[in-house]
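Please look through the sequence and the three-dimensional structure shown below before reading on. The report that follows takes up a few parts of the structure in turn.

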Amino acid sequence: MTYIAKPGLHHPTLPKNALCYTRRDYEGKVSTLCAGCGHDSISAAIIQACWELAIEPHRLAKLSGIGCSSKTPDYFLGNSHGFNTVHGRMPSVLTGANLANRELLYLGVSGDGDSASIGIGQFVHAIRRGVNMVYIVENNGVYGLTKGQFSATADQGSVSKRGVVNTDNPIDMVGLALQLGASFVARSFSGDKQQLVPLIKAAIAHRGAAFIDVISPCVAFNNHAGSTKSYDYVREHNEAVNRLDVISAREAIGVDYAEGELAEVRQHDGSVLRLRKLHADYDPGDRIAAMNYVHAHQVRGEIVTGLLYLDPDPHDLHEHLNTVATPFNALGAEALCPGAATLEQINASLR
Ligand SMILES: Cc1ncc(C[n+]2csc(CCOP(=O)(O)OP(=O)(O)O)c2C)c(N)n1
Ligand code: SF4
Ligand SMILES: [Mg+2]
C-alpha cells in the first residue's frame, strides 16, 4: 500500500464554512513526506485558504510535476480535479486545461527543481502569457526526492549537508516572475502560516498569473548550518514588507485598523485585499522598484517576504487571445466545426 486514506468521519463540532464543509473536507490522503518537511505546512495553508474561501472542491484543478513538492496535491483537496504531470511539464498541461475550461480555478504546485531546472522553459512561458492560475513553488534549494542535490535556486556559497559549497549563481524565481510580467508576485515561508494563508487566498482571488515562491525547508537534506533554506536561517533573515488580509465578497468589511496604515485593493471577484505596510518605503504597485528592493536585500542575505507586486488591472491569456466566454469544452460540435463553407470563407480571406 503506497498511501493511507484518512477516515471519512468528522467530529460534529468541527467549524463549518459557508458551504457547511469542515476543514477535513478539504484534506487529501495521509502525507508520506518526512516529518517536519515544509511542504506539509504549505498543504495545510492551502487547505485553510480554500476552506476559508468556501471553494466548491469541484471548481478547482490542482496540477503538479515530479518531486516531493509535486507529490503534495495528493495530500490536500481530495475532492478536486488533479493531474500529476511528468517532471517540469506542469505549466503547459495547466495552460491547456485552462484554455479548454476557463471556469475552473487552477492551482499549480511545483518544486524549485521542477520549475527552475528541467521546467524553467515551461515556467517562463506560462508566466509571460498571463495564464490565470495560482503557481506555487515549494522552494527548498535542493532536489529533495532524489536525495538532496543542489537545485538552481540554491544560493551561491550555500553549503550542502556533506560540506560541498555551491559555486553557481542562484535563479531567483521572484525576480524572474517580476521580469516576465506576472501580475501577482509574493514570497513567503512555510513556517509563517499567518502570512501564507492570506497570500494564497489573494492569489486565488486574482485574475491572471499569480506566483508565490514559498521557502520550504527540506529537513532531510537542507536544514543544517550553512544552508540558506533552513528553518533557522529563514527565521533570522525574513524581512516581511507587509501583512495581508483578504475579505471575500460575502463578508462585511469591519474596521479594525488605524487609518493611514492600510491600502485596500478590490479584486475582480468582489473580494478586498487589505494591505498593511510593515516597511514604509515598500510600494507593491511598482514592479521595477520591487525588483530593485528584492535584489538589494538578497545581496545582503535577507529574504524579503509578503505581497511583493500586485497589478490592480491584470489581464489573462483568455483576454489576450480574445476567446469566447463559453469554455471550449462546453461548445458544441456546431460551434467548433462550423462546416466547409465557413472554412472556405476563412481560406479565401487568407489568399
Ligand atoms: C525527466 C526526469 N528527469 C529527472 C527525474 C528525477 N527527478 C525526480 S524529482 C527531481 C527533482 C525534484 O526537485 P524539486 O522539484 O525541487 O522537488 P523537491 O523534491 O525538492 O520538493 C528529479 C531530478 C525525473 N523524475 N524525470
Ligand atoms: S526529502 Fe526533503 S523535501 Fe522530500 S519529504 Fe523529506 S524533507 Fe521534504
Ligand atoms: Mg526542491
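Which residues in α7 are buried? In this model, which is predicted, the buried residues of α7 are Q195, L196, V197, P198, L199, I200, K201, A202, A203, I204 and A205. Here a residue counts as buried if 20 or more other C-beta atoms lie within 10 Å of its own. Because 11 of the 13 residues of α7 are buried, this helix is largely enclosed by the rest of the structure. The length of helix α7, which covers residues 193–205, can also be checked: at 1.5 Å a residue its 13 residues should span 18 Å, and the C-alpha atoms at its ends are indeed 18 Å apart, so the two values agree.

A strand can be examined in a similar way. Strand β4, made of residues 133–139, is mostly covered, since seven of its seven residues are buried. From β4, the residues M133, Y135, V137 and N139 point one way, while V134, I136 and E138 point the other way, and all of them are buried. Strand β4 also pairs with two other strands, β3 (residues 105–111) and β8 (residues 209–215), and the table sets out these pairings.

| Strand paired with β4 | Sense | Bridges | One bridge |
|---|---|---|---|
| β3 (residues 105–111) | parallel | five bridges | G111 with E138 |
| β8 (residues 209–215) | parallel | seven bridges | V134 with A210 |

Helices can pack against one another as well. Two packed helices are described by the angle between their axes and by the distance between those axes. For helix α3 (residues 90–100) and helix α5 (residues 120–128), the axes come within 7 Å and cross at roughly 35°. In this contact, P91, S92, L94 and T95 of α3 meet Q122, F123, H125 and A126 of α5. The residues of the contact of α3 with α5 divide into four nonpolar and four polar, with no charged residue among them.

The last part of the report concerns the surroundings of ligand 1. There are 18 residues around ligand 1, and of these G67, S69, G111, G113 and G144 come nearest; G111 has already appeared above as the bridge partner of E138 in β4. The elements α2 (68–71), α4 (112–116) and β5 (142–143) each supply at least two residues of the shell around this ligand, and α4 gives the most, with three residues. By chemical character, the residues of the shell around ligand 1 divide into six nonpolar, nine polar and three charged.

Definitions and conventions. Residues numbered from 1 in each chain as written. Chains lettered and ligands numbered in written order. Predicted model: local features only at pLDDT ≥ 70, side-chain atom pairs only at ≥ 80, totals over all residues. Helix = DSSP H or I, 4+ residues; strand = E, 2+ residues; numbered from the N terminus. Expected span 1.5 Å × (residues − 1). Buried ≥ 20, exposed ≤ 12 C-beta atoms within 10 Å, placed from the backbone. Axes fitted to C-alpha atoms, helices over the stretch in contact; angles between N-to-C directions. Contact = placed C-beta atoms within 7 Å. Nonpolar A, V, L, I, M, F, W, Y, C, P; charged D, E, K, R; others polar. Pairing = 2+ DSSP bridges. Near = placed C-beta within 6 Å.
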